[in-house]
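Visitor: I'd like to learn how to read a chain-chain interface and its salt bridges. Can you walk me through one?

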2 protein chains.
Amino acid sequence: MKIAVLGTGKVGRVLAARLAGLGHDVVIGTRDPGRTMGRTEPDDTGALPYAQWQAEHPDVRLLAFPDAGAHAEVVVNATRGAVSLDALNAVGADNLGGKVVLDLALPLDFSDGMPPTLTVANTDSLGEQVQCAFPNARVVKSLTSVFCEVMVDPGRIPGEHSIFLAGNDDVAKKTVQGILDQFGWPAESILDLGDITGARAVEMYSRLFFTLAEMFGSFELNINVIPGSH
Amino acid sequence: MKIAVLGTGKVGRVLAARLAGLGHDVVIGTRDPGRTMGRTEPDDTGALPYAQWQAEHPDVRLLAFPDAGAHAEVVVNATRGAVSLDALNAVGADNLGGKVVLDLALPLDFSDGMPPTLTVANTDSLGEQVQCAFPNARVVKSLTSVFCEVMVDPGRIPGEHSIFLAGNDDVAKKTVQGILDQFGWPAESILDLGDITGARAVEMYSRLFFTLAEMFGSFELNINVIPGSH
């Protein structure tokens with residue numbers, strides 16, 4: 001498939017590299033490719049300058065947001081939650097219409113340190129805001145509940161563990177399930193939380209996730225959902 | 001131990017019966033014992049009139065909130081979150097000072113149906129509000145992440161699964177861990193989320209819990225937290 005990954009940070013790079021490795025035609029979208037390529041310092045997460053990563057991944061092309069969107073059948077939102085709506089606006093509603101938007105972003109606010117609070121929660125969610133802003137896009141919230149390395153390689157966590165998806169469009173969910181399957185998620189691990197309001201569940205779970213990550217000293221963790229026997 | 005369970009609904013009854021069965025000296029606290037005993041209709045959760053339950057549990061005594069608090073070494077808040085602070089105020093700060101308060105309540109708002117929203121979330125939590133309102137109480141948030149039948153009998157969920165606790169007082173946490181142990185929670189299943197701000201993590205997780213409960217058609221479910229191998 002033709003896939004545009006929005007965001008040049010760690011999450012975007014990990015997703016783009018894995019999707020390209022699976023044989024997809026992958027572009028990364030950014031606001032200003034020249035500026036992204038010109039950076040010589042690590043970003044605020046400590047990731048290497050993008051150009052270094054790009055040199056090692058010639059199968060992935062860097063494009064401006066609108067060009068990346070025009071290329072894609074599936075758009076993966078791997079931007080920071082605080083800038084996701086801006087980034088998607090830069091891609092353009094026309095380039096998102098009818099397309100599957102796999103929304104990985106969390107609306108995190110680290111201004112008070114770890115664990116982060118959310119900029120939207122409880123009665124709304126970033127997933128819903130994206131769907132509301134782009135009513136013709138087919139938004140699926142998924143994979144947000146795990147660290148990016150685990151998103152694309154669930155075998156990093158031992159045993160059975162769960163991943164969630166939520167969205168209004170069943171066909172779009174099937175497309176995302178296909179990508180999860182390629183990443184290595186077993187069908188029985190994928191739990192469908194229903195329509196896009198299910199995004200609240202996974203976004204609000206992030207508080208527990210980050211609290212546990214602090215406790216374990218690692219973001220590499222997940223949960224397995226177990227129904228009772230009664 | 002001398003334990004006061006606040007709340008005469010299903011959660012309070014299940015906790016009180018189990019604690020009494022374990023040999024604890026258990027009272028249930030309510031605003032007006034005469035009125036509670038006089039009810040002849042099921043409550044809004046469908047639970048039998050309290051007097052019927054009371055007749056089958058002669059080892060548990062019903063007392064007014066202040067008397068229940070005065071009796072107790074450990075106070076279990078099993079009231080609805082919306083009335084928890086009122087109920088604890090009725091118990092009285094003097095009756096809570098120095099005592100372990102095991103807070104089971106979730107600040108749920110069902111006014112828009114299932115899944116419920118929270119009346120407090122993200123930058124605060126009910127557990128923190130209780131600790132803030134009663135600074136001399138030793139509040140521990142725990143067990144909220146599972147249905148009451150599972151709280152007291154974790155074997156209802158197959159395999160390994162996790163339970164959380166959060167609170168500022170390590171000795172109070174040890175007391176609660178002792179109760180969890182008596183309920184059947186293995187030590188390795190009990191995850192300490194740190195101070196009382198950890199209450200946000202379990203309270204916000206409730207959105208995922210109730211979404212999953214709708215999906216499975218049952219509240220009998222739990223999650224197992226699995227650290228990665230990296």
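Guide: We'll start with the interface and then turn to the salt bridges. This is a predicted model, where local features need pLDDT of at least 70 and side-chain atom pairs count only at pLDDT 80 or more, while totals for chains, interfaces and linings use all residues. Residues are numbered from 1 along each chain as its sequence is written, chains are lettered from A in the order in which they are written, and side-chain values use heavy atoms, leaving out hydrogens and water.

Visitor: How many residues does each chain bring to the contact?

Guide: Contact means heavy atoms within 4.5 Å. Here chain A and chain B bring 37 residues each.

Visitor: And what area is buried between them?

Guide: Buried area is the accessible area (1.4 Å probe) lost when two parts are put together, summed over both. For chain A and chain B that's about 3300 Å², with 69% from carbon and sulfur atoms.

Visitor: How many salt bridges cross that interface?

Guide: Side chains of opposite charge can pair when their charged atoms come close. The rule wants a Lys or Arg side-chain nitrogen within 4 Å of an Asp or Glu carboxyl oxygen. Across this interface it finds zero, although the count over all chains is 16.

Visitor: Which residue does A:Arg138 pair with?

Guide: A:Asp169, at 3.1 Å, N to O. The two sit 31 residues apart, A:Arg138 in strand β8 and A:Asp169 in the loop between β9 and α9. Strands (E, at least two residues) and helices (H or I, at least four) are DSSP runs, numbered from the N terminus.
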